[in-house]
Amino acid sequence: SGIKSVGETIPRGDIILEYNSGVPLEITCILDPDNAIVQSQLRQLSNNNSETQLLSQWIVFYKYAERVPKQYVSIINATAAQLRIPNPPAGLNIYDCILLLDNQRRLNNDSYDTNSSAQLSTLSVDSSKFSTVQPTSLETSGPPPLMPQEAGTGVCLNTVHVGYKPLPIKNFSCISDNWLSLMCNWTKPENPVKTDYKLFFRLPGRTSSRNVYACPSKITDVEENYCYWDVSTKPIYRQLYEYYFFTITGENVLGNSTSSFRFHHYANVIPASPNITVMDKTQSSAMLKWSVGPMIAFPRELIHKIEYKSQWDSNPEHWHSINVSYVCNSSLTSNQTILVHKLNCLKHDSEYYYFNVTDLKYPFTHYDFRIYVRSSVASEENRWSAPGRITLKTKPTIPRRPPKTDIGSFECVPSLVKKSTRDVFIYWQNIDDSEKCGDLFEYHAYYTSTTADNQTIIHRSNETYKNYAKFEGLNTSIGYLFTIYSVNKEGFSIDYSTVYVPSEADKLDEPISFTKMAFDERGVFELSWKNASSEKSSTTNQLSDYTIFWCESDKDRPYQCNGYMNWMHIPSSESCYNITVSDHTKIYQFAISSNSQISQRNSLNSIYQPPISSSGMVWASCTVLHNKIVGKIKNVWVNIISSTHMELRWKLDCSDRIGAVLGFRIYYCPVVSINNSACKEPMLNKTVSGENMVQDSRGSITNLKSYTTYMVTIALITKHGEGLHSNPLLNTTLEGAPDVHDLNISVVGFTNTSVSLEWSPPKFTNGVVRHYFVHYYLDDVPQQQDLNDFLDDQQSINQRHRIIVHDTKCHLEQLESYRTYNISITACTTVCSDRSFPIQVRTAVGLPGRVAQPNVIYENSTRIVVSWLRPAKPAGPIDYYQLAHHSGSTSSHTNNDGSSSTPAVLASTQIHENPENYYLSDSNEFRVPVTDCNNEHVKGQQTFSFSVRAVNNNPMDPSHPYFGPWSAPGSVSCVLPGLSLVLHLVIWSCLFIILTTISTYWGNRFWRKYKVMHNVQVVLPPTLNINIKFDHYNNFSDSRPESSQQYYLEDGHIIYDTTPANGNSHVSASDERNRSDSICERLPPARWSPATATTTTTVADDDDSSSSKHHLILPSMEPTARKSDNDVAKSNDDDDDDAARPLEPVLPFFSMPEAPVASGFVAATVTGPPRDPCNIVVAAPSDDNNDRGYQDSCIFGSSASPPRHDSVTAGTAIVDCFVGDQRRSHDKNLLLRRRPGNGHPQSYNGRNDSSVASADGKHQREFQASTLLLCVSPV
């Protein structure tokens, strides 16, 4: 029935108002005078003599958790009040009507008066639009709070919607996806009143405009604000209409609205990304082909946008755009054939578009292409398709150019074997990778010579690398002209570069003292040099300028530069120049050459003499060309430092002298302080071998003291001796672990649960000690020779017994009493020391632990022995034990509250209540004399209970020893002499054998009966698979059965005589088949499965037999093959074999229940059309012919058929089939018996027609039985 409220509000349910319509919000709250709460409040007002006050005065209204000012509430009568807001604000709000109870009126009245004036002005806020309405006291901008539960008793609530008529939708747009589908969506405006929007459209044209189509989905436009069409929707997507006319209708309880849109269909089609392939490509062009799918048939022209970028573009985000036009601008002569791949304009056929992209900058380069497609009538940039993408590589060609060289880009190195020869290095600037234009790129450097017979010989370099080539064994008195080509798989570059190397006599003098200095990490290098003074410079050659070279390399000199080389020319007046490199993180090698103008002259020693000459390149610092001695090492730094170790690294200015360096010697010593570099100990040194040392050499010094400042210098050892020391470095080693081996730990006090310690600081702190770890553990753990190793292995124990302190004293608490503890200290700087040598401290005597339950036994009939174990935690030497006892009856005791107490509980209680019953014992065993157990007065009913507690003497206060807790009481009872234990065992063993024998016997019987019942099969006799006419005698027929139709019931079996009158016992297969065809539907000859019969199994009264009672249900399945009569006869002869072979059909018999029958028999017949499932009808005489007849019943069949003139429709009856039971039916009126002349039963011959005669022989009726004949029991 729900919760009964104290009243109601009018109007009921939701209230919907239009904003600014002039209609006020009115809610009337009416109290139910029959409500118990209302009547109680009325009585209180009456008892308080408040005749002027009405109960409705205490009706208040809440908007969510905020009370509405009472200026808007008016009293109608004693039990009704009305809320009236003239111009309610827009929004969705819940108003509650609340009745204030007596105990809430005073508190709420005070706050109500205070807030009402402040809220009065906010309720008249006016606004014309919902979206711009400012929140007032009656509006909420977020989830509203609930009404406070202490406000009062709720009467009823209303949800108030103050909103607008349907507002126009926003952001309506439609997009066609690849001209295959169309989707429109929009934004629904905010409205407190629920509004539904539906989309409709019509097509242009006189006929089409009359039809209005709705959205295919009935819910997407209303609930999800979108609509979708394609060729599978109804209505379908209309592709061929350029314009659509859309109408969106809005509807709510306040009114309707309609918005119309003219939609340009073709301007809002977004094609799919095109599928691009490459038809052909050259070194600088690519013929592209792409398809646009269904857009190829688009009625409007398509606009195509092609963009591309190469792998060499400096800005990977920049794409080059191509102006795609349908106008071809190629000039073709009359005898030229127009080929698609020769065009540079956009072409297309019925499937593809074609365009030849030309003027590609880089051969043998990967290009990324992307193509966009858009409708020509689309004006917005967001209507472009997603780009189709493809990557291709242009074809290769010969390199574009040779590498760049300079007049001085060579180096001559005198041969160490033959002074008249030299090795020449030719340097060049690598060409960019984008200019290599093919695979297998390399550089080829040559020089030529002429033989005596004027034949020219080309000499290729001995070694060629990325940026230089080496020619070995050239004559120092001959000038050579070298030629350099760029080569790839396609061939040589067209152009070539040359470098002229003059003879040693004609070379300019090299600049001397060329050094480099790195200023900072910004990549600024200062290069300085001096001009060489030479007499020939002033007469023959004139210095014109210098060339400064720099090269990116993995390593500095003496390794050859393997990176990109660049250079610049400096006026001859300069001797110092600053260069800023692009990447300061790389290693740069620097070189310089002197260049001059020379006078023209014929030289027999030169192959070719150009108008200018150079000295060749001189590398910075010392080179392998000049064996100069190095001074002190300038660049030294500390690479790694620890508490006892320091690794130094240094860098040589002239690393090309690496072959002359024998080693390095490191000097170090501890200094007085960081501000005083004087050694306070003798100077130590360590020698580092110079073998295999590279430019960045390193060495280490070990066994240093922790937290100590060291001064370090390095001297270079060459074959000329030891060089100068480098500038000293002052570095302090890191903090190490303090030395606690001699740490003195003192015990300043201890109790039975605590120990106070103090210790002196470590002698060598090796840093600033930040804290100490105090480790303590029990001394009874296994001991090892190396205590520190053992403590490390017992990490779990250490963690549980470790505290941290920041002073040289500590107080350990919560220790076990009278236990020996090992205590050690660990001091920590940034690193913790090993543990100090432990001290042993034993805590004072304390409270002993609980003694285990004592063992109490009778030593004899007059003395009891009580023994116990020492407590697990003795907390002292255990000076003595207290033994308390109690004796009493062994029976349970009933307490005052009705509960019973066991002897053990009674004993514990008595012991604690009688403290004077104590014995003292110095050992763990005590003998107590007791009353003779054989005493006739005791009669064996006495129980003795004992509890024990340990006691430690208090050395500090002997008058107050430490008493441990009492143990659980141990008890023993006095038992009278009785039966011996052996006799008890014999009696119980006999009982167990008897019960086991009985259980085995009955279990075996039940199992055999279960197996018999489990093997019972539900089987129909084969004779039920034929048509039967059953003759019986009743009051309706005078016919007699024919002599050829022999059947009888004997011993519960129906026996059919199948032998015809002429004595022929064989029926042909064709006759049998004809009879089978006449049956509407037959059961299969095999037994039924459980799916076709419902079986109820019952057990007979005798011990060796059982029967199964089956209620048969006609299966709804097509019949299979039927057994022949011979098989039926055979099954009657092999009854014994059927039990062993369950697959053979077992011949059942029918048993009639015992019931008196006045006259007549019951027959089963089948009615209904031939094609319908057979309906078996059981017929019986009506009550008009006998006192106890049979009611009619349709036992089998899928449906009951109306009675026919040649059948009898019977009432309800039960068909019982008993299988395996040999009992005889005692209802003689139901036994149908025919015997032949020889007196032996014969099988039924299975003919289609049979007669059933009544007992008095007056009437006979024929029944068509299509499937089976059943016996029925009277109802």
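**Group meeting: disulfides, salt bridges and a surface patch**

C29 is buried, with a relative accessible area of 0%. I start there since C29 takes part in a disulfide, and disulfides are my opening topic. Please keep in mind that this is a predicted model.

The partner of C29 is C97, with the two sulfurs 1.8 Å apart. C97 is buried as well, at a relative accessible area of 1%. The torsion about their S-S bond is about -85°, so this disulfide is left-handed. C29 sits in strand β3 (residues 25-31) and C97 in strand β8 (residues 91-99), so the link ties together parts that are 68 residues apart in sequence.

How many disulfides does the count give? The count comes to six. I will go through two others.

C174 and C184 form a disulfide with a sulfur separation of 1.9 Å. Its S-S torsion is 115°, and the link is right-handed. C174 belongs to strand β10 (residues 170-177) and C184 to strand β11 (residues 181-187), ten residues apart. Both C174 and C184 are buried.

C215 is joined to C227, S to S 2.0 Å. Here the torsion is about 120°, so the disulfide is right-handed. C215 lies in the loop between β13 (213-214) and α3 (220-224), while C227 is in strand β14 (residues 226-230), twelve residues away. C215 has 3% relative accessibility and counts as buried; C227 has 0% and is also buried.

Now the chain as a whole. The protein chain has eleven helices and 78 strands. It has 1275 residues, and 43% of them count as buried. Taking contacts between residues at least 6 apart in sequence, 71% join residues at least 24 apart. The accessible surface is about 68,100 Å², and carbon and sulfur atoms account for 51% of that.

Next, charged pairs. Side chains of opposite charge can pair when their charged atoms come close. A search of the whole structure finds 20 salt bridges.

One of them joins E8 and R12, with the closest N and O atoms 2.3 Å apart. E8 is partly exposed at 27% relative accessible area, whereas R12 is exposed at 63%.

Another is between K436 and D433, at 2.9 Å from N to O. K436 is partly exposed, at 23%, and D433 is partly exposed too, at 43%.

In a further salt bridge, K507 pairs with E504, the closest N and O atoms being 3.7 Å apart. Is K507 buried or exposed? K507 is buried, since its relative accessible area is 7% and the cut-off for buried is under 20%. Its partner E504 is partly exposed, at 33%.

There is also a network of salt bridges, which links E859, R863, E925 and R927.

Last, the surface. Which residues make the nonpolar surface patch of about 590 Å²? They are V982, L983, V986, I987, W988 and L991. L983, to take one of them, lies in helix α8, which covers residues 981-1014. With 36% relative accessibility, L983 counts as partly exposed.

To recap, we have looked at three disulfides, among them the left-handed one between C29 and C97 and the right-handed one between C215 and C227. We then met salt bridges such as the one between E8 and R12, and ended on a nonpolar patch that includes W988.

Definitions and conventions. Residues are numbered from 1 along each chain as its sequence is written. This is a predicted model: local features need pLDDT of at least 70, side-chain atom pairs count only at pLDDT 80 or more; totals for chains, interfaces and linings use all residues. Side-chain values use heavy atoms; hydrogens and water are left out. Patches are made of residues with over 30% relative accessible area and no salt bridge: like charges are joined within 9 Å, nonpolar side chains (Val, Leu, Ile, Met, Phe, Trp, Tyr) within 5 Å. Accessible areas come from the Shrake-Rupley method with a 1.4 Å probe; for residues, only the protein chains shown count as cover. A salt bridge is a side-chain nitrogen of Lys or Arg within 4 Å of a carboxyl oxygen of Asp or Glu. Helices (H or I, at least four residues) and strands (E, at least two) are DSSP runs, numbered from the N terminus. Buried means under 20% relative accessible area, exposed over 50%, partly exposed in between (1.4 Å probe, protein chains only). Contact means heavy atoms within 4.5 Å. A disulfide is a pair of cysteine sulfur atoms within 2.5 Å.
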